[in-house]
Amino acid sequence: MTLNFSQSVTGAVVEGVLVVTIDNPPVNAASADMRQGLFASIDHASTDAGILGIVVTGAGKTFVGGADIREFGKPMADPILPAVIERIESSEKPVIAAINGAALGGGLEVALGCHHRIASPSAKIALPEVKLGIVPGAGGTQRLPRLAGVVAAAELAATGRMVAAQEALGLGIVDAVANGDLVAQAIGAARDLAGKPPRRTGALDVPPFEAEAFSAMTRKVLSRARGQHAPAEALRLVRSAAEKSLSDGLADERETFLRLRDSDQAKALRHVFFAERAATKIDALEGVAPRSVTRVGIVGLGLMGCGIAVAALDGGYHVTGVDMSEAAAQKGRERITALLDRNVASGRLDAEGRDERLSRLTTSHDMAALADADLVIEAVFDDLAVKADLFTKLDGIVRADAILATNTSYLDPDTLAAATTHPERVVGLHFFSPANIMRLVEVVNCAKTAPDVLATGLAVARKLGKLPVVTGVTEGFIGNSIFSAYRREAEFLLEDGALPEEIDAAMEAYGFAMGPFAVFDFAGLEIAWARRKRQAATRDPAERYVEIADRLCEAGRFGQKAGRGWYAYPDGRRTVDPEVTALIEEARTRKNIKPRAIDDGEIVSRLLGAMAAEGEKLLAQKVAQRASDIDLVMINGYGFPAHRGGPMFAAGLV
Ligand code: T1G
C-alpha cells in the first residue's frame, strides 16, 4: 500500500521497513512540499510499531539535487530543511539514505542527517553551495567534518567539488557502495540496525586535524576564489565545527547562509545558474530535431583546429582532421596526441581513454577524406578568400545534408555560406582558444541557416561539453563586439588621464583575473591593429579615435610575445614601461587633453557601462536573444567574474 506523505514524497512498507521515495522532478529539489512530506514520513514511522526502520531514496537519476533555488528570495515555508534533518537524525528508528544519484547541497545534508548511507556506484555527492555564492545552510559544514574530517570536508565545502561514490566511501561520507539492488541493500541495513542505538552524525566528535594541512588547503582553495566571499566562510564554518557544539555550529552556519543568500554575489551566481539553462532554449527551435552527427571533419590542424579535435574526440565523435600537406596533417596528429597525453599526465584521462580517442582519429592531407563527414568545421587562417574557397571545395566533397561550420571570429559567415550551393547548411561555431578547455561556443545563426542546422550546432556544442550561446551575424558576434567596446572605453580612459596599470588594477580589484591592457598584451596587439587599418578608410572622422595602440604597433610593441606591448616584459614579468607612459602623454598633448586623476570607481563604471551599452545595441539588433546570454559570453569567453553576474546583470544592479 502506498503512503502519500505529500505530493512529492510517498512511502511503502517492505519487510518491515518504510521505504520513502522523493519524486519531485526534475531534480528532486528540497521544495516545501518535499520537506513537509519527508518530515511527515519520519513522524509516521515513529508511531507505527510495525516499522523497524526507514530508507530514504530518490526517484529517477537524482537523490536530492539540493534546496529549491527558485525559493530563494521568497519566504521559506516550514519546515525548513534543518528542521527536517534534525527530525531524521533524532529518529529512534534507523534511517538509511539510499543515494541513487546526485546528492547535492541540501541533498547531501539530508543524507548526512541519516544514520547510515549507501550509495549507488554512479552516485555523486557535493556541497556546491559556494558556486551559488552561499554556504551550506542545513548542517553540511558541521556534519561533514564529523565523517570526513575537517580538511577534506572544508575542501569540499569551499570548492563545491563533485565526489564520486568510491571516493565518498574512502572519505567515510558513505558507509557502503551498493553492488546490485540499492534499495534492497538499504532495507537490509535498516533491519540489521533496528533496535540498536542510531549512529547520529551530529553526535560524533570531530576528528583532530593537522593545522598545517588545513592552511595549505586553504591557500590553494582561496587562490582560485579571488574576490568571492563564500569559500572563505565555508572554510571558517567547517573549521569551527572542531571548536563549537553542534548547536552553536549550526546556528553560526544558518546565520551565515542567510546573510550570504541575500548578497549581490549570490544573486549574481543564481542569475548565471539559470542563465546557463536558459541559453539553450531557442523559441524558433521548439520541436526542431537536430541532425544526426557521428563523424566530424576538421579542416586546419593548427592550435584551434587541434583543440576542437580533442573536444570532439572527448565528445565521442569520429574525427577526421585535414590539413594542406601530409606533413601538416602529421604535425596536427602529433599535437592532438600531445594534448591528450597532457590530460593523461594530469589524471583527467587514463591511457586507455587516450588510446580509444586516438582510435577514432583520422588525419589526412586529402579533403576527400571528409566525404562521409556529417559535420565539417573549418579552422583555417582567418582570411575571407581562403575560407570562401575552402567552402566551395567542401561543397563538392561532402554530402548534400552534411553541415559546414565556420570557426571564424570576425569574418562574415553569410559570405561563406554564399560560396556553397546549400547555404542553409552553413552555421558558425565560434570556439574560444584553447578550444579543448574553454566552455563557450558562440553558435552563429547565419541569414540562411536552416533551423535543424542551428539545432545541430547547439546539440554538438553541448555534446562537446560546451556552453553554447546563439548569436546573430554582426562583426565580432556578441563577445568580440562587447570586447571592442571595452577596449575603446579603456583607451578613452587613457587619453582622459588614467594609465594602463591603474585601469588594470581597478578591474582586477573588481574581480577580473587580468585587467584589459594585460589581456591585450596577452592576446597580442597586431590583429586589432590590422583590423583598425582595414577600417581606417571608412572610419567616421567625427567618432573619437585613440591612436595610442597604433603608435605601440608602429614601434613593434605587439604585446607579451614580442616582449613589449602596453607593458614591458623583461624575463617575462609584466612591468610598467616609462616609454608607454610617454607615448600616452604625447597622445594627450596632441589632442590638447589635460589629463585628470581618474579613480577606480569611475574606471569600473565606465568600462562596465561601455559593455552594457554595447550589449543593449546587440539586443536591439537581435544579435543576442537575451541579456543573460551576453552575460554568459563575457563570463565564459572573456574572464568577466561570474560572481558579478556579467555586464548586463551588473548594470542592472547599479
Ligand atoms: N533548484 C531549483 N531548480 C533546479 C535546481 C535546484 N537546486 N537544480 C536544477 N534545477 C532545474 C534547472 O534550472 C533546470 O530547470 C532543471 O532543474 C534541470 O537542471 C540548504 C541552500 C542537479 C546536477 O547547486 O547542479 O542546497 O531549465 O539542466 O543537467 O545547504 O541541475 O528545466 O526549467 O541542470 O541533469 C545546491 C544545482 C542548492 C545543484 C542536474 N544544489 N543543480 O543537472 O539538469 S543550494 C545545487 C545542478 C542548497 C542547502 C543549500 C544540476 C543537477 P529547467 P539541469 P542536469
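**Notebook: strands and one helix pair**

I began with strand β18 (residues 440–444), which pairs with β19 in the parallel sense over five bridges. I keep in mind throughout that this is a predicted model. For one position in this pairing I looked up the partner, and found Val443 standing opposite Val470 in β19.

I then asked how far strand β19 (residues 467–471) is enclosed. Five of its five residues are buried, so I note β19 as largely enclosed by the rest of the structure. Sorting the side chains by direction, I find that Leu467, Val469 and Thr471 point one way from β19, while Pro468 and Val470 point the other way, and that all of them are buried. I set beside this the general rule that in a regular strand the side chains alternate between the two faces of the sheet.

Next I turned to the open sheet, where seven strands follow the order β1-β2-β3-β4-β6-β8-β11 with mixed pairing. At its edges I located β1 (3–6) and β11 (176–177), each of which pairs on one side only.

Moving along that order, I looked up strand β3 (residues 17–22) and strand β4 (residues 53–58), which pair in the parallel sense over six bridges; the bridge partner of Val17 in β4 is Gly53. From β4 I went on to β6, which runs parallel to β4 and is joined to it by four bridges, and here Ile54 has Val95 as its bridge partner in β6. On to strand β8 (residues 116–119), I again recorded four bridges from β6, with the two strands running parallel, and Ile99 standing opposite Ala119 in β8.

Which residues of β6 lie on each of its faces, and are they buried or exposed? I list Val95, Ala97 and Ile99 on one side and Ile96 and Ala98 on the other, all buried, and both faces are thus covered. Since five of the five residues of strand β6 (residues 95–99) are buried, I take the strand to be largely enclosed by the rest of the structure.

Last, I examined helix α2 (residues 81–89) and helix α3 (residues 106–113), whose axes come within 8 Å and cross at roughly 25°. With angles under 35 degrees counted as roughly parallel, α2 and α3 are therefore roughly parallel to each other. I noted the contact residues as Leu81, Ile85, Ile88 and Glu89 of α2, and Gly106, Glu109, Val110, Leu112 and Gly113 of α3. By character, the residues of this contact divide into five nonpolar, two polar and two charged. I also recorded the handedness of the crossing of α2 and α3, which is right-handed.

Definitions and conventions
Residues numbered from 1 in each chain as written. Predicted model: local features only at pLDDT ≥ 70, side-chain atom pairs only at ≥ 80, totals over all residues. Heavy atoms only, no water. Pairing = 2+ DSSP bridges. Axes fitted to C-alpha atoms, helices over the stretch in contact; angles between N-to-C directions. Parallel < 35°, antiparallel > 145°, perpendicular 65-115°, else oblique. Left-handed = near helix turned anticlockwise from the far one by under 90°. Contact = heavy atoms within 4.5 Å. Nonpolar A, V, L, I, M, F, W, Y, C, P; charged D, E, K, R; others polar. Buried < 20%, exposed > 50% of the residue type's maximum accessible area, 1.4 Å probe, protein only.
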